[in-house]
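Colleague: I've got the model open and a few labels I'd like explained. Can we go through how they were arrived at?

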Amino acid sequence: MSETQVRVRFAPSPTGMLHIGGARTALYNWLYARHMGGTFVLRVEDTDEARNTPEAREAIFSGLRWLGLDWDEGPDKGGDFGPYFQSERKDIYAQYLKKLEDAGLAYEDEGAVRFRVPDKPITVDDVVCGSQTVNLAEQGSRKWDPEQKKEVEANPDLVIRRPDGTYIFHFANVVDDLTMGITHVIRGEDHLSNTPKHMALFEAFGATPPRFVHIPLNLNADGSKMSKRDQGAAVAEYMNGGFLPQAVCNYIALLGWSSKDDQEIFTMAELKERFTLEGVNRSNSRFDFSKCVWMNAEHLRRLTPGGFAELAIPYVEKAGIQAESEERLHDALALVQERTQLLTEVPEKIGYIFSDDYPKDEAALSKAAGRDGVKEAVTAMRDFLAKLEDAWTGEAIHDAIFEAASSLGLKPGALMFPCRAATTGQASGAELMPVLELMGQKRVLQRLDAFLATL
RNA sequence: GACCCGUUCGUCUAGUGGUUAGGACACCGCCCUUUCACGGCGGUAACACGGGUUCGAGUCCCGUACGGGUCGCCA
């Protein structure tokens, strides 16, 4: 097996936060590399010095790390094909520019340098989109002027270096892919129409181009182009919004790729194992935030209780919730794990157990207060619970409530809603008996009394 | 405007000439349950349109419409 090793890359430009679309492109590259036992390269395309910021660079790195997309070569990691910042590769670009000049394929134009585009059909055979043929010289001889709303004469030859000596994306990109030995260029479909230019450049260097794999774009729920301000656009939103990275990867993997069977929940390991280029779609998809949230809940449920607690505790601490003991906190978290969609919901779901400062749903309280015989029912419940003294266990609480109900000739169910509303301030929540047990007798009686006082 | 890509339930998708067009999210109903959730069962809901080819078309071809992309000394 001397198949050429797969080498793919993610090449972000550090001009803003990591976008979910960029994250998906990175994910597909990473998955393909891992699936094929290849190499995933991270290259930072920072040729536009005016727009680059260190914050943006860090945001991209941290976003990728959070998602679990580790790179084999790249900035801060090194590798045999560095440097991995385009800003540090100027000598290489100069060298490749010279090759073009020596071959008579580059010329100066008002201080810039242009690449002489070939006047012949170029065929791109895209792995996803199929093949298409264009003639760059012909097509580029006219361009659309959005102001005049008409086509005007144009120089089809590509500018590859600006008068200030910096290089244009198309050129740097191709030289890097060539010198870094990239075998598959997996990128957004917005680059499909640029690909013939890139092919022409590869050819000018006498090189075999990599395989091109253009993946469909992700749009907003309404079909518009996703931009920075849209819900779900920034990876940071997920990092801070109670999402699990594996859930986000799972969701975005499915936006444009399918395993071809009915499985929807995948671990990262399964994704690596199952991901193939053949499974990539041709059509754009819309981002469905609610399905993403659902998927997060699915991954949350699959966590061990300990794993869930570990991830939830930072949110609990941040909300200032103090549990009497770690054990009790773990017990409380175990109660809410299966009903949590986002980790950010955890504090509000357990807050009333440990603190008297918790939100109250007035509608639920007045609904409970308005029930027939509620006063007698809650009073009876209160008295039976008060008798428990030291025997404050789930079982004893259960028995006390059932006894209270039968003493009034009621079904236990009739007591549950008023009890929940009175003690938690909510209409719904985790299983009530264990909640009462964790809350402690004192707190439960206090709240029942406070509720009775309002009747 | 030119060129390129695309179009199956509201959304994500399966489907590669013969299917009651399948699954998932969302939504609705029922069941389970002390409530909610989970789970289970069921329901509403799709082949953009028009022509071909074919015994037969969601699947192949052409056109139209719609959506997206490219046409930068941005990436």
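Modeller: Sure, and keep in mind that this is a predicted model. Let's start with a hairpin: strand 3 and strand 4 form one, with two residues between them. Glu110 sits in the turn and has a positive phi of about 50°.

Colleague: How do you know that strand 3 and strand 4 pair?

Modeller: Pairing takes at least two bridges. Strand 3 and strand 4 (residues 112-115) have four, in the antiparallel sense, so they pass that cut-off. As an example, Ala106 has Phe115 of strand 4 as its bridge partner.

Colleague: And how do you know that strand 4 is joined to strand 9?

Modeller: Three bridges join them, and they run antiparallel, so the cut-off of at least two is met here as well. Phe115 turns up again, with Leu158 in strand 9 as its bridge partner.

Colleague: What makes strand 3 and strand 9 edge strands?

Modeller: The order of this open, three-stranded sheet is 3-4-9, with antiparallel pairing. Strand 3 (106-109) and strand 9 (158-161) each pair on one side only. Neighbouring strands of the sheet are turned by 45° against each other on average, direction ignored.

Colleague: Which way do the residues of strand 4 point, and are they buried or exposed?

Modeller: Ala112 and Arg114 point one way, Val113 and Phe115 the other way, and all are buried.

Colleague: There's another hairpin I'd like to check. How do you know that strand 7 and strand 8 pair?

Modeller: Four bridges link strand 7 (residues 142-145) to strand 8 (residues 150-153), in the antiparallel sense. The requirement is at least two, so they count as paired. Asp145 stands opposite Lys150 in strand 8. The hairpin has four residues between the strands, and Lys149 in the turn has a positive phi of about 55°.

Colleague: On to the cysteines. How many disulfides does the structure hold?

Modeller: Zero. Take Cys292: the closest cysteine sulfur is in Cys249, 10 Å away, and that is too far for a bond. The cut-off for a disulfide is 2.5 Å, so a pair beyond it doesn't count.

Colleague: Why is Cys292 called buried, and why is Cys129 called partly exposed?

Modeller: Buried means under 20% relative accessible area. Cys292 has 1%, so it is buried. Cys129 has 29%, and partly exposed runs from there up to the 50% limit for exposed, so that's where Cys129 lands.

Colleague: Now the rings. What makes Phe61 and Trp71 a tilted aromatic pair?

Modeller: Their centres are 5.7 Å apart, and rings pair within 6.5 Å, so the distance fits. The planes are at 45°; stacked needs under 30 degrees and edge-to-face over 60, so this one is tilted. Phe61 is in helix 2 (residues 54-67) and Trp71 in the loop between helix 2 and helix 3 (90-102), 10 residues apart. Both Phe61 and Trp71 are buried.

Colleague: And why is the pair of Phe287 and Phe289 called tilted?

Modeller: The angle between their planes is 40°, which again falls between the limits of 30 and 60 degrees, so tilted it is. The centres are 6.5 Å apart. Phe287 counts as buried at 5% relative accessibility, while Phe289 counts as partly exposed at 22%. The structure holds 15 aromatic pairs, and ring pairs also link Tyr93, Tyr96, Tyr167, Phe171 and Phe205 into a cluster.

Colleague: How do you know that the charged end of Lys360 sits over the ring of Tyr358?

Modeller: It lies 4.2 Å from the ring centre, and the distance limit is 6 Å, so that part of the test is met. Lys367 over the ring of Phe417 is another case, at 5.1 Å from the centre.

Colleague: Last one: what makes chain A more spread out than a compact globule?

Modeller: Its radius of gyration is 31 Å, and the globule rule gives 23 Å for 455 residues; the value is well over that, so chain A is more spread out than a compact globule. Its C-alpha atoms fill a box of roughly 100 × 55 × 40 Å along the principal axes. The secondary structure of chain A comes to 19 helices and 13 strands, and buried residues make up 49% of the chain.

Terms used. Residues numbered from 1 in each chain as written. Chains lettered and ligands numbered in written order. Predicted model: local features only at pLDDT ≥ 70, side-chain atom pairs only at ≥ 80, totals over all residues. Heavy atoms only, no water. Axes fitted to C-alpha atoms, helices over the stretch in contact; angles between N-to-C directions. Buried < 20%, exposed > 50% of the residue type's maximum accessible area, 1.4 Å probe, protein only. Phe/Tyr/Trp six-rings, centres within 6.5 Å; stacked < 30°, edge-to-face > 60°. Lys NZ or Arg CZ within 6 Å of the ring centre and 35° of its normal. Rg over C-alpha atoms; globule rule 2.2 N^0.38 Å.
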